Amino acid sequence: MAFDGITIACITKELHTALAGGRIIKISQPQPDALLLTIRNGGEQRRLYLSASASLPLLYLIPDNMSSPLTAPNFCMLLRKYIQNGRILSISQPGLERIVRIRIEHLNDLGDLCTKVLIIELMGKHSNLIFCEETDTIIDSIKHVSGMVSSVREVLPGRTYFIPQTQEKYDPLTTSEEVFHSVLPTKAVPVFRALYTTFTGLSPLIAQEMCYQAGVDADRPARTLEPHELTGLWNVFHALMRQVQKGIFSPAVIYENGLPKEYACIPLTSFADSPQKSYSSVSELLHAYYAEKNTITHVRQKSADLRRIVQTALERNIKKYDLQLKQIKDTEKKETYKIYGELLNTYGYDLAPGSKTMEAINFYTQEPITVPLDPLLTPSENAKKYFDRYGKLKRTYEALSELTKKVKSEIDHLESIAASLDIALKEADLVQIKEELIESGYIRRKGGTKKAKITSKPFHYQSSDGYDIYVGKNNYQNDALTFHFAEGSDWWFHAKGMPGSHVILKADKDQEIPDRAFEEAGKLAAYYSKARGQQKAEIDYTRKKNVKKPGGGAPGFVVYYTNYSLVIDSDISGIRLVSD
């Protein structure tokens, strides 16, 4: 989710507590639209990251230093001139705006004590870092905004800084119950939208949470709210604003199917059934959240070349397979030609010379049949012609039948690799997939390059009843899980008729497994397959001892003849991930 006013209120409280009274000992500009302030306070050194990125504006404490250009940009040099070695007086937020003001005390060239203000606006594409006098006269900004760019406000040296009022919004921290009751019912939009468009600093997520807590349908038009519903919504709204004013926050990340979905600084009761991870610091939350998000994005970028190789090979084989199926279809007449030849050898002796057809009874169906003839050939020559056609088509059919099996096996193998690429969450997961592509001949190993070291391991989940469930991330891991790790009494799961992971539910020989454990293992098999996102997926499961590896089979390919089936959804949000 984007930075909203409540998240910024939580950050402001944390930063004021940690940095007020501290001295700025270093200022750098690691990115064109970002600053890094190193602050020493109470013998402890902290790094404050301020980003005015249009796509991802951020403000939080980071644990590590960041590399910066050798020559500092002009804005960075200006800040060094004025506020390096300055002392932070306060860090505040006006109302619930997405704005933070850092007041800094410093000595000017004459040795007089002066105050400057560094303003951080976290407003999406309008984000900016603005350096001002205490009187709010702009000294400079990291992004200059002229009248040609904005008709609302210029952000240029010498101009007076003010918060642009582009929308008629109320401050939720000071709004009265009377205003709330009078304004909200005038909106023709859904209730949750009416909330975040009427009051400053609320995001759609927080607005929906308020509706959930008040027991109001968030998608209902606001003007249809009954008085008692408005009162209930006001009570939730008012309680949340008092919580924000008192600085009571509970930073947490919400996970869905093992991936971070949302974060918030207040409890999200609407996600009570989803796994959550709490943090004592919102900076720690943001660092972990965006690090995980960046890792996933980075892996997707790193896997692009592998995806392209797999997709190219897959398209080529699918075209080949379709052509072969068409050619096999063309051989369907071979049995007809054989019958024509046999009938001519049997009844052709009394045909008149120059006949164009022969009427006869089919040996096999006892039905009348008409045999086309070449009038220039004798009956025996016509029979030989049909037998030659039959022989050619038979040989073609036999050759194509073997080829189509190989091509179909190759398609299945490539689709399973594509599914593995969708599962990969870390660079280590890609190493094993690349190794499989090399050994399968899709990628040439560079001369002198050794086999890559494999560190990726299968997913380890734990069911609600405490049973261990393991999920292979790729074909090599699937083979290792099924034929080296699992024991004969363990349960093996796989999505029916589609590429997917092998899933192992650990169980003793005589142990009675609860149905819920089977359902959760089935959900994992559905999620880590092409059925991901489907509400109904058919899953085969059997004891591991019934799963066999055919000779010469591709990695991950198995056969089984005794199995049970279940139909399950692919939602794994309630299953605990132990390690990946």
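Two strands pair if DSSP finds at least two bridges between them. With that in hand, welcome to a short tour of this predicted model. It takes in the hairpin formed by β15 and β16, three of the structure's 19 salt bridges, and one cavity of 30 Å³ or more.

**Strand β15 and its partners**

- β15 and β16 run antiparallel to each other and are joined by four bridges.
- Together, β15 and β16 make a hairpin, with five residues separating the two strands.
- In the turn of this hairpin sits Gly-466, whose phi is positive at about 90°.
- If you would like a pair to locate on screen, look for Tyr-461, which stands opposite Ile-469 in β16.
- β15 also pairs with strand β21 (residues 576-579), again in the antiparallel sense, through three bridges.
- In that pairing, His-460 is found opposite Ser-579 of β21.
- As general background, side chains in a regular strand alternate between the two faces of the sheet.

**A salt bridge that starts from the hairpin loop**

- Side chains of opposite charge can pair when their charged atoms come close.
- Arg-516 and Asp-465 form a salt bridge, with 2.8 Å between the closest N and O atoms.
- This pair connects distant parts of the chain, 51 residues apart: Asp-465 belongs to the loop between β15 (459-462) and β16 (468-471), while Arg-516 belongs to helix α13 (residues 515-527).
- Both partners are partly exposed, with a relative accessibility of 42% for Arg-516 and 33% for Asp-465.

**A salt bridge between two strands**

- Lys-116 pairs with Glu-133 in a salt bridge whose closest N and O atoms are 3.4 Å apart.
- Lys-116 is in strand β7 (residues 113-121) and Glu-133 is in strand β8 (residues 128-133), so this contact ties together parts lying 17 residues apart in sequence.
- Is Lys-116 buried or exposed? Its relative accessible area is 4%, so Lys-116 counts as buried, a class that covers values under 20%.
- Glu-133, by contrast, is partly exposed, at 31% relative accessible area.

**A salt bridge within one helix**

- Asp-412 and Lys-408 meet through their side chains in a salt bridge, at 2.8 Å from N to O.
- Both residues belong to helix α10, where four residues, or about one turn of the helix, separate them.
- Asp-412 is partly exposed at 30% relative accessibility, and Lys-408 is partly exposed too, at 33%.

**The cavity**

- How many cavities of 30 Å³ or more does the structure hold? There is one, and the volume of the largest cavity is about 50 Å³.
- Helix α10 (379-423) returns here: along with α12 (475-485), α10 supplies at least two residues of the lining.
- Which element gives the largest share of that lining? The answer is α10, with four residues.
- The lining includes Ser-416, Ala-419, Ser-420 and Ile-423.
- Also in the lining are Gly-472, Lys-473, Asn-474, Asn-475, Asn-478, Gly-500 and Ser-501.
- By residue class, the lining has eight polar members, two nonpolar and one charged.
- Lys-473 is part of this lining, and Lys is classed as charged, whereas Gly is classed as polar.

Key:
Residues numbered from 1 in each chain as written. Predicted model: local features only at pLDDT ≥ 70, side-chain atom pairs only at ≥ 80, totals over all residues. Heavy atoms only, no water. 1 Å grid on protein atoms, 1.4 Å probe; cavity = no way out; pocket = protein on both sides within 12 Å on 5 of 7 lines; lining within 4 Å. Points joined across faces, edges and corners; volume = space filled by probe spheres on them. Salt bridge = Lys/Arg side-chain N within 4 Å of Asp/Glu carboxyl O. Buried < 20%, exposed > 50% of the residue type's maximum accessible area, 1.4 Å probe, protein only.
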